[in-house]
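Hi,

Here is the structure I said I would pass on. Could you have a look at it when you get a moment, and then read my notes underneath?

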Amino acid sequence: MSLSTPKNTPENTFVKQGALKSHYTVLIVGGGQAGLSMSVCLQERGIDHLIFEKNTMMHSWKTQRWDSFTLVTPNWQCALPNHPYDGDDPKGFMKRDEIIGYLDRFAAKVKPPILESVSVEKITKSDDGHFVVLTTQGEFTAEQVVIASGGYLKPIIPRMAERIPETILQMHSNQYKNAQQLPEGGVLVVGSGQSGAQIAEDLHIDGKKVFLATGNAPRVARQYRGKDVVEWLDDMGYYQKTVDEHPLREGVRDNTNHYVTGRDGGREIDLRRFALEGMELFGLMENYQDGQLIFKPDLSDNLKAADDTYKNINARIDSHIEKNGISAPEEAPYEPVWEPKEERENLDLAASGITSIIWCIGFTPDFSWLDLPVFNGMGAPVHHRGVTNEAGLYFIGLPWLHTWGSGRFSGVATDAEYLTQYVQMFSASVKNQESANQTLPEVS
């Protein structure tokens with residue numbers, strides 16, 4: 001086993017020169033908030049570990065967010081390990097630069113043992129039960145491995161994009177910064193989830209002519225009956241509900257996030273109002289053929305479904321208020337401000353004046369480098385609270401790993417603490433048993 005000379009300088013790694021080992025108790029893949037949260041908990045228990053980060057710490061937060069990006073959940077929900085929100089606006093929504101500052105202060109506290117600009121190329125398991133981790137800096141082994149690389153790695157751009165003329169600028173939402181990036185002319189935003197709805201709004205505010213291809217994303221009110229909806233849902237125990245308790249069980253992990261914004265102090269997003277103001281709405285984009293953009297005739301259904309979710313959440317809040325005798329101001333029910341006159345299934349690309357397309361249809365995970373039998377038929381990792389059937393292998397930072405907050409600032413600390421307890425017991429079992437694959441004590 002050999003290690004190459006560390007590529008990192010003291011400015012971008014906390015691993016001291018000469019301190020690098022070939023074997024660790026725990027190796028962590030991913031240097032975002034999930035990986036660093038694990039590092040906090042492991043450091044507190046004196047468990048040696050090393051993090052591999054293929055870019056730099058918090059890379060996606062620093063490079064893959066648009067300029068006007070804000071959190072869509074209130075600042076008070078930011079609760080990384082030993083690092084709660086430290087600003088003066090707990091009910092506000094941090095802007096992009098404030099988020100980066102919050103995360104930089106977290107990293108400075110943690111001082112994680114991390115190698116940046118080091119990619120993991122393959123993880124296997126040897127006959128002696130150790131994990132073998134092949135990286136661009138050499139081969140390492142470990143008793144246990146934590147995958148903290150997240151579930152949003154590969155931008156989704158459909159193959160139909162290859163047929164769109166090269167004169168049209170195309171980009172994914174993770175490349176968008178502001179309207180000034182784009183040429184003169186109209187913009188087609190494909191996808192109406194959190195990113196699509198907010199980017200469409202950003203372009204609309206900037207005066208761009210926006211065409212929005214909607215999907216089945218739900219929406220939620222920002223404020224209702226005197227409080228932010230997030231506060232009501234927290235009071236109702238929604239954020240404490242586990243994936244095992246959710247009616248959809250593991251299926252909730254595939255749900256699209258509700259669109260809302262924290263921009264300008266926070267407000268709801270109503271696509272119907274955008275349409276009143278000149279944004280052109282369409283159903284699901286299905287194809288591009290012979291100069292025509294082709295859409296599914298489901299715009300009315302998409303808008304109604306989003307509104308139904310909006311109204312359903314408000315109704316649940318009403319029930320909570322009534323059941324608990326809470327004094328809260330009354331609020332009139334939502335009434336649609338616009339209805340489509342027809343379902344437009346075609347749009348001539350050249351005649352429309354569209355000169356750019358932004359794909360906002362999400363990401364897929366990429367675990368191609370993880371050569372272990374821990375995936376289901378759809379390629380998703382199989383686990384319970386991040387613990388897999390492969391002894392010593394864990395996941396953290398995935399959506400609904402355990403609760404709604406698992407993939408967010410609000411719940412990752414709890415997940416890291418749980419997994420660290422399991423890591424600690426596994427290490428004890430390794431020392432006291434001949435094989436690391438023998439039965440482990442359960443964690444409640």
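Below is what I found, going from the whole chain down to single residues.

First, a reminder that this is a predicted model. The protein chain has 9 helices and 21 strands. Its radius of gyration comes out at 24 Å, close to the 22 Å that the globule rule gives for 444 residues, so the chain is as compact as a globular protein of that length. If you want a feel for the dimensions, the C-alpha atoms fill a box of roughly 70 × 60 × 40 Å along the principal axes. Buried residues account for 52% of the 444. The protein chain exposes about 20,500 Å², and carbon and sulfur atoms supply 48% of that area. As for contacts between residues at least 6 apart in sequence, 70% of them join residues at least 24 apart.

Now the sheets. Two are worth pulling up on screen.

One is an open sheet of 5 strands with parallel pairing, in the order β10-β19-β11-β12-β15. At its edges stand β10 (169–172) and β15 (280–282); each has a single partner strand, so one side of each is left without a neighbour in the sheet. Neighbouring strands here are turned by 20° against each other on average, direction ignored. To find the β15 edge, look for β12 (residues 210–213), which pairs with β15 in the parallel sense over 3 bridges. Phe211 is a handy marker, as its bridge partner in β15 is Glu280.

The other is an open sheet of 3 strands, ordered β16-β17-β18, and this one has antiparallel pairing. Its edges are β16 (285–289) and β18 (346–348), again with a single partner strand each, so one side of each has no neighbour in the sheet. The twist averages 20° from one strand to the next. Strand β17 (residues 292–295) runs antiparallel to β18 and is joined to it by 3 bridges. There, Gln292 stands opposite Asp348 in β18.

On to the interior. In soluble globular proteins, nonpolar side chains tend to be buried together. The largest nonpolar core in this model has 66 residues, and the members that touch the most others are Leu203, Ile358, Ile396 and Phe409. Helix α9 (residues 412–432) gives this core its largest share, 7 residues. A second, separate core has 25 residues, including Val118, Ile147, Leu372 and Leu401.

Ile396 is a good residue to centre the view on. Leaving out residues up to four places away in sequence, Ile396 touches Ala34, Met38, Val146, Ile147, Ala148, Leu401, Val412, Asp415, Ala416 and Leu419. Two of those contacts, Ile147 and Leu401, are also listed in the second core.

Finally, a couple of backbone oddities to check by eye. Which way does phi go at Lys111? It is positive, near 45°, in a residue other than glycine. Lys111 is in the loop between α3 (96–110) and β5 (114–116), and at 52% relative accessibility this lysine counts as exposed. Arg249 also has a positive phi, about 50°, although it is not a glycine. You'll find Arg249 in the loop between α5 (229–235) and α6 (271–276). With a relative accessibility of 41%, Arg249 counts as partly exposed.

That's everything from my side. Shout if something is unclear.

Cheers

Notes
Residues numbered from 1 in each chain as written. Predicted model: local features only at pLDDT ≥ 70, side-chain atom pairs only at ≥ 80, totals over all residues. Heavy atoms only, no water. Pairing = 2+ DSSP bridges. Helix = DSSP H or I, 4+ residues; strand = E, 2+ residues; numbered from the N terminus. Axes fitted to C-alpha atoms, helices over the stretch in contact; angles between N-to-C directions. Rg over C-alpha atoms; globule rule 2.2 N^0.38 Å. Buried < 20%, exposed > 50% of the residue type's maximum accessible area, 1.4 Å probe, protein only. Contact = heavy atoms within 4.5 Å. Areas by Shrake-Rupley, 256 points an atom, 1.4 Å probe, with all protein chains shown as cover. Core = buried A, V, L, I, M, F, W, Y, C linked by side-chain atoms within 4.5 Å.
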